[in-house]
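Colleague: Could you walk me through this one? I'd like to start with the metals and then move on to the helices.

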Amino acid sequence: MPTGGKPNLTQFLIEERRRVPDATGDLNALITDLSLACKAISRRVARGALGGVLGSAASANAQGEDQRTLDVISNQMFLRANEWGGHVAGMVSEEMEEAYTLPAQYPRGKYLLMFDPLDGSSNIDVNVTVGSIFSVIRAVTPEVDARPEDFLRPGTSQVCAGYAIYGPSTMLVLTLGKGTHAFTLDPVLGEWVLSHPNLRVPAKTREFAINASNSRFWEPAVKRYIDECMAGQPGPRGADFNMRWIASLVAETHRILMRGGVFMYPRDSNDPGKRGRLRLLYEANPISFLVEQAGGSASTGRKRVLDVQPESLHQRIGFIFGSSEEVERIEAYYREEPHETYRSPLFGKRGLFAIAD
Ligand code: MN
Ligand code: MN
């Protein structure tokens, strides 16, 4: 077998479909279209400066963030790959304020697609790993244009979620609700080969990922958790921890799926109006689905991410995920410290990371 005895994505999808007697194959076709967009983005990313695609696009996206040239190109690739096939009835992208209505000439399908076409795009110019994230739900009314509110379904209603990671190798990590599986792109064959079936996130970890420069904004439960990790072997955890921070959600997720760890981008305690940084529909929900299907946990700190009822297309949310024992510990700290009571020894006025105010 050309793929060394391992199934490719097409074989994998056909075998998955055989387990569902009345499946029509629409979802498989949609995933194939998505995987093609990811291959195309991978090629553009790999050419780097030679492709003339680095730098800013001199525009802003739906969140008012600087758009990189590759953000715009990747968004176009997702739209073009998925609009024509008759599998989707509408799309939501990080790069577009409004939901995308398909061109009139194409049939409307049974699914709704939400995506972050290029995650971690500020890393592009320094040649650090980026990715694409997607989430698929069933259309409320199949075969007609989706209304914006149709996308506002809790993450539990996802039928498929995944990401592509453009690192030293390109990989596609996918769940259809029966485990989380990783495919490596064979650059010669151009095929996704099932290299890591049934990923499992270890329940225990000694590695955490957080942007420590935001520590003054953290909620008390997060401050307490990080203080205890940083106190190391002599501290309450009785163990030394390691910290990682790539500032690319896909790269952090991939590390955690491969070897465990916990990721935190909590809500900002100083501004109750700020609900975190990451977007619920096309970042937190698909990553949570993948992590849970690999035996890990994903939480806002206060509740399971997948149970959150979305209120708007680009809604942000506090996001904590990874090894289940650590996520459960952080949730317990949130329950114990509902008010701003925790005084941080490390980040307090006289602490190791003293704050001046
Ligand atoms: Mn992103
Ligand atoms: Mn993005």
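**Metal site and helix packing**

Modeller: Bear in mind that this is a predicted model. The manganese ion (ligand 2) and the manganese ion (ligand 1) are 3.8 Å apart, and D116 coordinates both of them.

Colleague: Which protein donors does the manganese ion (ligand 2) have?

Modeller: The manganese ion (ligand 2) takes its protein donors from E94 (OE), D116 (OD) and L118 (O), which lie 2.0 to 2.2 Å from the ion, and in sequence these donor residues follow the spacing E-x21-D-x1-L. E94 sits in the loop between β3 (88–93) and β4 (111–119) while D116 belongs to strand β4, so the pair ties together parts that are 22 residues apart in sequence.

Colleague: And are E94 and D116 buried or exposed?

Modeller: Both E94 and D116 are buried.

Colleague: OK, switching to helices. At what angle do α2 and α3 pack?

Modeller: Helix α2 (residues 26–47) packs against helix α3 (residues 69–83) at an angle of about 155°, and their axes are 9 Å apart. An angle over 145 degrees counts as roughly antiparallel, and α2 and α3 are therefore roughly antiparallel to each other. Their crossing is right-handed.

Colleague: Which residues meet there, and what class are they?

Modeller: On the α2 side the contact involves L30, D33, L34, A37, C38, A40, I41, R44 and V45, and these meet L70, I73, S74, M77, F78, A81 and N82 in α3. By class, the contact of α2 with α3 has 12 nonpolar, two polar and two charged residues.

Conventions:
Residues are numbered from 1 along each chain as its sequence is written. Chains are lettered from A and ligands numbered from 1 in the order in which they are written. This is a predicted model: local features need pLDDT of at least 70, side-chain atom pairs count only at pLDDT 80 or more; totals for chains, interfaces and linings use all residues. Side-chain values use heavy atoms; hydrogens and water are left out. Donors are N, O and S atoms within 2.8 Å of the metal (3.2 Å for Na, K and Ca); water is not among the atoms, so sites may look incomplete. Helices (H or I, at least four residues) and strands (E, at least two) are DSSP runs, numbered from the N terminus. Buried means under 20% relative accessible area, exposed over 50%, partly exposed in between (1.4 Å probe, protein chains only). Axes are lines fitted to C-alpha atoms, for helices over the stretch in contact, and angles run from 0 to 180 degrees between N-to-C directions. Angles under 35 degrees count as roughly parallel, over 145 as roughly antiparallel, 65 to 115 as roughly perpendicular and the rest as oblique. A crossing is left-handed if the near helix is turned anticlockwise from the far one by less than a right angle, and right-handed if clockwise. Contact means heavy atoms within 4.5 Å. Ala, Val, Leu, Ile, Met, Phe, Trp, Tyr, Cys and Pro count as nonpolar, Asp, Glu, Lys and Arg as charged, and the others, Gly among them, as polar.
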